[in-house]
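Here are some comments on the model you asked me to look over. They are set out as numbered points, beginning with the strands and moving on to the empty spaces.

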Amino acid sequence: MTDRLKELSDAGVAVWLDDLSRVRLATGTLDKLRTEKHVVGVTTNPTIFAKALSDADAYDEQLRELADRGVTVEEATRALTTYDVRWAADVMKPAYDASQGQDGRVSIEVDPRLAHETSKTVAEAKALWWLVDRENVLIKIPATLAGLPAITATLAAGISVNVTLIFSLDRYGKVIDAFLDGLEQAKANGHDLSKIASVASFFVSRVDSEIDKRLDKIGSDGAKALKGKAAVANAQLAYKLYEEKFGGERWAALKSAGAHPQRPLWASTGTKSAELKDTIYVEELIAPGTVNTMPESVIKAYDDHGDTRGDTVTGQYATAQKVFDDLAAIGIDFDDVVAVLESEGVDKFEVSWGELLEGLAKSLDAAKKSVTS
């Protein structure tokens, strides 16, 4: 049988799972994905945790203990989520060791309500790093304007970072600069650069969702012909920028000091349109030194019928640029698209965080009653 996920890994794409739950941990399915499906990392977000904690009774025992201690809802949230991330980090430790610390990483996100507050984001990142207490964790910080200096300060403290919610090349360039600033400061602060990892999470499917909606409103044949093309083109041009930024003297100096590059990570890779192949955001974004974090459904789909054709990115820059030239020519304002996507991305995670807190408040209340009864 063809091992399609191994072919993908051999082509230079690190396969990460975009999901986590205590049920997945307790039943061993995460470890099975690592040993059988080449999964070498895990990403989480507030939406994933909200779903995990609402769907299962696997958290009941810890909830009763937290209720017995009389903790706040926010303290309970951190206790429950960091417990899962710590456990997942232990499961992924063999992948971490095998990759000299590049893979085997598990991400946990700062409180999304802090997306526009730099100092509080840094404080939260340090607290999460301390709470999880595993060297193979990544702290997720959004690439908002306030997030950029927070990324630098967190890296400068020797903490590994997953930069999330990147949509535009302009912002991605600033993210790479923030990364380089952070590593230079970390070196000056005496940190071992070889221990610091970072990925830059470029969101994919949401770009097509927003642009295709606008193309449908235009309705011309030219507009219809561009549907489903922007997201891949955007990511391909991001990889071009990655090659340029990590090909200069500034990076060379950090590399000589033991630093690893900030890898591009393709996020939001589940297709949201029935018109697109379910593995398109994997097949069309194969390039050396990248990460693709997928829902389990996409991992299974690729394992079943994915097509690894070698590098599908570096030879496509001219074609990708033409997609954006054509979009601009028919009136698509990509700057506005990006602004909408960033705002919606932060808002969605804030809503999920609110749902998580609300659900936990009810669970803690129920646990308190069971403790006192």
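1. Which residue in E2 is the bridge partner of Leu17? The model is a predicted one, and in it the partner of Leu17 is Val42. Strands E1 and E2 run parallel and are joined by 3 bridges, while E2 is also joined to strand E3 (residues 105–109) by 2 bridges, again in a parallel arrangement. On that side Val42 stands opposite Val106 in E3, so that Val42 has a partner in E1, namely Leu17, as well as one in E3.

2. Is strand E2 (residues 39–43) largely enclosed or largely open? Because 4 of its 5 residues are buried, with a relative accessible area under 20% as the criterion, strand E2 is largely enclosed by the rest of the structure.

3. The largest pocket holds about 510 Å³ of space, and its lining is made up of 30 residues, among which Asp18, Asn45, Arg206, Ser268 and Lys272 lie nearest the centre. Two or more lining residues come from each of helix H4 (46–55), strand E5 (161–166), strand E6 (198–203), helix H11 (205–218), strand E7 (263–267) and helix H18 (334–372). By class, the lining comprises 8 nonpolar, 11 polar and 11 charged residues.

4. The second largest pocket has a volume of about 160 Å³. Its lining consists of Lys6, Ser9, Asp10, Gly12, Val13, Ala14, Val15, His38, Val40, Asp103, Arg263 and Thr290, and at least two of these residues are supplied by each of helix H1 (4–10) and strand E1 (13–18). The lining divides into 4 nonpolar, 4 polar and 4 charged residues.

5. As for enclosed space, how many cavities of 30 Å³ or more does a search of the whole structure find? The search finds 1, and the volume of the largest cavity is about 30 Å³. Trp16, Gln102, Arg105, Leu138, Ala197, Ser198, Val199 and Arg263 line this cavity, a set that divides into 4 nonpolar, 2 polar and 2 charged residues. Arg263 thus appears in the lining of the cavity and also in that of the second largest pocket.

6. Ser201, a residue of strand E6, counts as buried because its relative accessibility is 2%, and the cut-off for that class is under 20%. The side chain of Ser201 is joined to that of Asn162 by a polar contact of 2.7 Å.

7. For helix H10 (residues 169–188), the length can be checked against expectation: at 1.5 Å a residue, its 20 residues should span 28 Å, and the end C-alpha atoms are 29 Å apart, which agrees. The buried residues of H10 are Arg171, Tyr172, Gly173, Val175, Ile176, Ala178, Phe179, Leu180, Gly182, Leu183 and Ala186. As general background, an α-helix has 3.6 residues a turn, so residues three or four places apart point the same way. Just after H10, Gly190 adopts a positive phi of about 90°.

8. Gly222 lies in helix H12 (residues 221–225). With a relative accessible area of 37%, Gly222 is classed as partly exposed, because that class covers values between the 20% limit for buried residues and the 50% limit for exposed ones. The C-alpha atom of Gly222 is separated by 9.2 Å from that of Leu327, although the two residues are 105 residues apart along the chain.

Definitions and conventions:
Residues are numbered from 1 along each chain as its sequence is written. This is a predicted model: local features need pLDDT of at least 70, side-chain atom pairs count only at pLDDT 80 or more; totals for chains, interfaces and linings use all residues. Side-chain values use heavy atoms; hydrogens and water are left out. Buried means under 20% relative accessible area, exposed over 50%, partly exposed in between (1.4 Å probe, protein chains only). The expected span of a helix is 1.5 Å times one less than its number of residues. On a 1 Å grid over the protein atoms alone, a cavity is a set of points where a 1.4 Å probe fits but cannot get out, and a pocket is an open set with protein on both sides within 12 Å along at least five of seven lines; lining residues have an atom within 4 Å of a point. Grid points are joined across faces, edges and corners, and a volume is the space filled by probe spheres set on the points. Ala, Val, Leu, Ile, Met, Phe, Trp, Tyr, Cys and Pro count as nonpolar, Asp, Glu, Lys and Arg as charged, and the others, Gly among them, as polar. Two strands pair if DSSP finds at least two bridges between them. A polar contact is a pair of N or O atoms within 3.5 Å; within protein, one must be able to donate a hydrogen and the other to accept it, and residues adjacent in sequence count only if both atoms are side-chain atoms.
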